[in-house]
Amino acid sequence: MTPAPSEDLVEPPAPGGGPFEGGASAPGPWGDLEGVGERICVLSDVHGNVYSLEAVLRDIRKVGCDTLVVAGDIAAHGPAPVESVDLIRTLGAITVRGNTDRYLAEGSAPRAGTRDPEQSLSLDWSREQLGADRLRFLGELPPSVTLAGCLVVHGSPGDDERGIWPYTTDADIDAHGWVGTLLCGHTHRPFQRRVAGGEVVNVGSAGWTLDGDPRPSYALLERDRAAAAGSWRVTLRRVDYDRSQPLAELERRQVPWRSAVSHYIETATWRTPAVRALP
Ligand SMILES: [Fe+2]
């Protein structure tokens, strides 16, 4: 398997291992929701960039949405963790917990350790900004939700640190035995692909993408009445916005690790040249 372009935020799938180890994820407290309407919008990985989130929400209002879903990683590392959490709470979105939401709530760190000490300082800074009530909210989010033929997770079923990449093999994706539409985030690399189990949709990031296109991404799901029950037509959408706002706020608030985050927001690429050279 090709090594993943891993740096700082995400971990590649282990060579030869399936992405779905750890077993099926249980439904969240919402159960298997059917009353979600005809149009679902799914966003992920805001990472405290409330400016890009607001742009994505404007686009969502424009296209129309019955149910809003958030696939985790709301607050960490960006310039506005408090504003991001409060906005998502206000919207009443169906939300699952991402790995960085968990780190913030638990006071923990990535399984493989943190390569950049500044990244740990950034988590500490986000944690201090959020305060106890918002941290409790993040910690109590479920790791997955099922709704109307869709399974929503942050990384992959049963593992919030193990992402599904554009080059993750069909066999690895199907290894879980899940059926329907699998919706995930974490890698900041939006893509969709048909596999034996149905369709896998990585919605990318509403904070900063890492596929070379700095426009935030999200997914619009429209119920496909002509197809089988629980079938959805999926469109990945990109939204432009004024990136100078989060860059200025990272600086003004002196957010730790801001050089990395600014680079991601501006360029949608990895910082390490050797990593950038990978496909
Ligand atoms: Fe994540």
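**Exercise 1. Determine how strand E2 is joined to strand E10, and place E2 within its sheet.**

Solution. Step 1: E2 and strand E10 (residues 217-223) run antiparallel and are joined by 4 bridges. Helices (H or I, at least four residues) and strands (E, at least two) are DSSP runs, numbered from the N terminus; two strands pair if DSSP finds at least two bridges between them. This is a predicted model, in which local features need pLDDT of at least 70, side-chain atom pairs count only at pLDDT 80 or more, and totals for chains, interfaces and linings use all residues. Residues are numbered from 1 along each chain as its sequence is written.

Step 2: Leu-220 in E10 is the bridge partner of Cys-41.

Step 3: Strand E2 (residues 39-43) also pairs with strand E3 (residues 67-70), in the parallel sense, over 4 bridges. In E3, Val-69 is the bridge partner of Val-42, and Val-70 that of Leu-43.

Step 4: The open sheet consists of 5 strands in the order E4-E3-E2-E10-E11, with mixed pairing. Its edge strands, E4 (94-95) and E11 (232-238), each pair on one side only.

**Exercise 2. Establish how far E2 is covered, and describe the largest nonpolar core.**

Solution. Step 1: Of the 5 residues of E2, 4 are buried. A residue is buried if 20 or more other C-beta atoms lie within 10 Å of its own, exposed if 12 or fewer, and partly exposed in between, with C-beta atoms placed from the backbone.

Step 2: The largest nonpolar core (a set of buried Ala, Val, Leu, Ile, Met, Phe, Trp, Tyr and Cys residues joined through C-beta atoms within 7 Å) has 57 residues. Cys-41, Val-42, Val-56, Ala-71, Val-152 and Leu-183 have the most contacts inside this core.

Step 3: The most is given to this core by helix H1 (residues 50-63), with 7 residues.

Step 4: Leaving aside residues up to four places away in sequence, Cys-41 touches Ile-60, Cys-65, Leu-68, Tyr-218 and Leu-220; contact requires C-beta atoms, placed from the backbone, within 7 Å.

Step 5: Another core, of 11 residues, lies apart from the largest one and includes Leu-250, Tyr-264, Ile-265 and Ala-268.

**Exercise 3. Classify the packing of H6 with H7 and of H2 with H4.**

Solution. Step 1: Helix H6 (residues 244-252) packs against helix H7 (residues 258-267) at an angle of about 175°, their axes being 10 Å apart. Axes are lines fitted to C-alpha atoms, for helices over the stretch in contact, and angles run from 0 to 180 degrees between N-to-C directions.

Step 2: H6 is therefore roughly antiparallel to H7. Angles under 35 degrees count as roughly parallel, over 145 as roughly antiparallel, 65 to 115 as roughly perpendicular and the rest as oblique.

Step 3: On H6 the contact involves Pro-246, Leu-247, Leu-250 and Glu-251; on H7 it involves Arg-258, Val-261, Ser-262, Ile-265 and Glu-266. These residues divide into 5 nonpolar, 1 polar and 3 charged. Here Ala, Val, Leu, Ile, Met, Phe, Trp, Tyr, Cys and Pro count as nonpolar, Asp, Glu, Lys and Arg as charged, and the others, Gly among them, as polar.

Step 4: Helices H2 (residues 81-91) and H4 (residues 117-139) cross at roughly 25°, and their axes come within 9 Å; H2 and H4 are therefore roughly parallel to each other.

Step 5: Pro-81, Val-82, Val-85 and Arg-89 of H2 meet Ser-126, Gln-129, Leu-130, Arg-134 and Phe-137 of H4. This contact comprises 5 nonpolar, 2 polar and 2 charged residues.

Notes. Two residues are in contact if their C-beta atoms, placed from the backbone, lie within 7 Å.
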